[in-house]
Amino acid sequence: VEDRHLKAAEIPKVKPDILIIEATFGVQKIDPIESRERRFKMAISKILLRGGRVLIPMWALGRAQEILLILEEAWRKDPRLHRFPIFYTSRLARQCMEGFQTYT
């Protein structure tokens, strides 16, 4: 399944004797990305607009980047969300950004 920041995996034309993979969702049927993102954005908007706060734990830098892209799109499209700042804190992300900014 493709994400916003990663393409879908390519399947190499090899026949390994042993294959070790990450399979968090390996045995689950996943809804299309559009519907998952729509539900996520609606849930975040509903919580904020009724006065709540949102904490989103992230287990991977790539997933955090994906979520930030989704939130940025939601904020761009819905002016009601402009008054809610997004805070993101991660030592790893900061180090990655420093490396990225060094070479761009």
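The exercises below, each with a worked solution, concern a predicted model of one protein chain.

**Exercise 1. Confidence**

Find which helix has the highest mean confidence in the chain and which has the lowest.

Solution. Start with the whole chain: its mean pLDDT is 84. Of its residues, 93% reach 70 or more. Then go to the helices. Confidence is highest in α1, at a mean of 94. Confidence is lowest in α3, residues 91-102, where the mean is 75.

**Exercise 2. The nonpolar core**

List the residues of the largest nonpolar core and state which element gives the most to this core.

Solution. Step one is the membership. The core has eight residues in all: Ile44, Leu48, Ile67, Leu71, Ala74, Trp75, Leu81 and Phe84. Step two is the origin of these residues. Two or more come from each of α1 and α2. Step three is the ranking: α2 gives the most, with four residues. As background, nonpolar side chains in soluble globular proteins tend to be buried together.

**Exercise 3. Ala74**

Place Ala74 in its element, and decide whether Ala74 is buried or exposed.

Solution. Ala74 belongs to helix α2. Its relative accessible area is 10%. The cut-off for buried is under 20%, so Ala74 counts as buried. Ala74 is also a member of the largest nonpolar core. For a distance check, take Ser45: the two residues are 29 apart in sequence, and their C-alpha atoms lie 8.5 Å apart in space.

**Exercise 4. Asp78**

Locate Asp78, classify its burial and name the partner of its side chain in a polar contact.

Solution. Asp78 sits in the loop between α2 and α3. Its relative accessibility is 15%. Because buried means under 20%, Asp78 falls in the buried class. The partner is Arg80: a polar contact of 2.9 Å joins the two side chains.

**Exercise 5. The second largest pocket**

Describe the second largest pocket by volume, lining and residue classes.

Solution. First, the volume: the pocket holds about 750 Å³ of space. Second, the lining: 26 residues line the pocket, and the closest to its centre are Val54, Leu55, Ile56, Ile86 and Phe87. Third, the elements: α1 (33-49) and α2 (61-77) each supply at least two lining residues. The largest share, six residues, comes from α2. Fourth, the classes: 21 of the lining residues are nonpolar, four are polar and one is charged.

Definitions and conventions:
Residues are numbered from 1 along each chain as its sequence is written. This is a predicted model: local features need pLDDT of at least 70, side-chain atom pairs count only at pLDDT 80 or more; totals for chains, interfaces and linings use all residues. Side-chain values use heavy atoms; hydrogens and water are left out. On a 1 Å grid over the protein atoms alone, a cavity is a set of points where a 1.4 Å probe fits but cannot get out, and a pocket is an open set with protein on both sides within 12 Å along at least five of seven lines; lining residues have an atom within 4 Å of a point. Grid points are joined across faces, edges and corners, and a volume is the space filled by probe spheres set on the points. Ala, Val, Leu, Ile, Met, Phe, Trp, Tyr, Cys and Pro count as nonpolar, Asp, Glu, Lys and Arg as charged, and the others, Gly among them, as polar. pLDDT is the predictor's confidence in each residue, from 0 to 100. Buried means under 20% relative accessible area, exposed over 50%, partly exposed in between (1.4 Å probe, protein chains only). A polar contact is a pair of N or O atoms within 3.5 Å; within protein, one must be able to donate a hydrogen and the other to accept it, and residues adjacent in sequence count only if both atoms are side-chain atoms. A nonpolar core is a set of buried Ala, Val, Leu, Ile, Met, Phe, Trp, Tyr and Cys residues joined through side-chain atoms within 4.5 Å.
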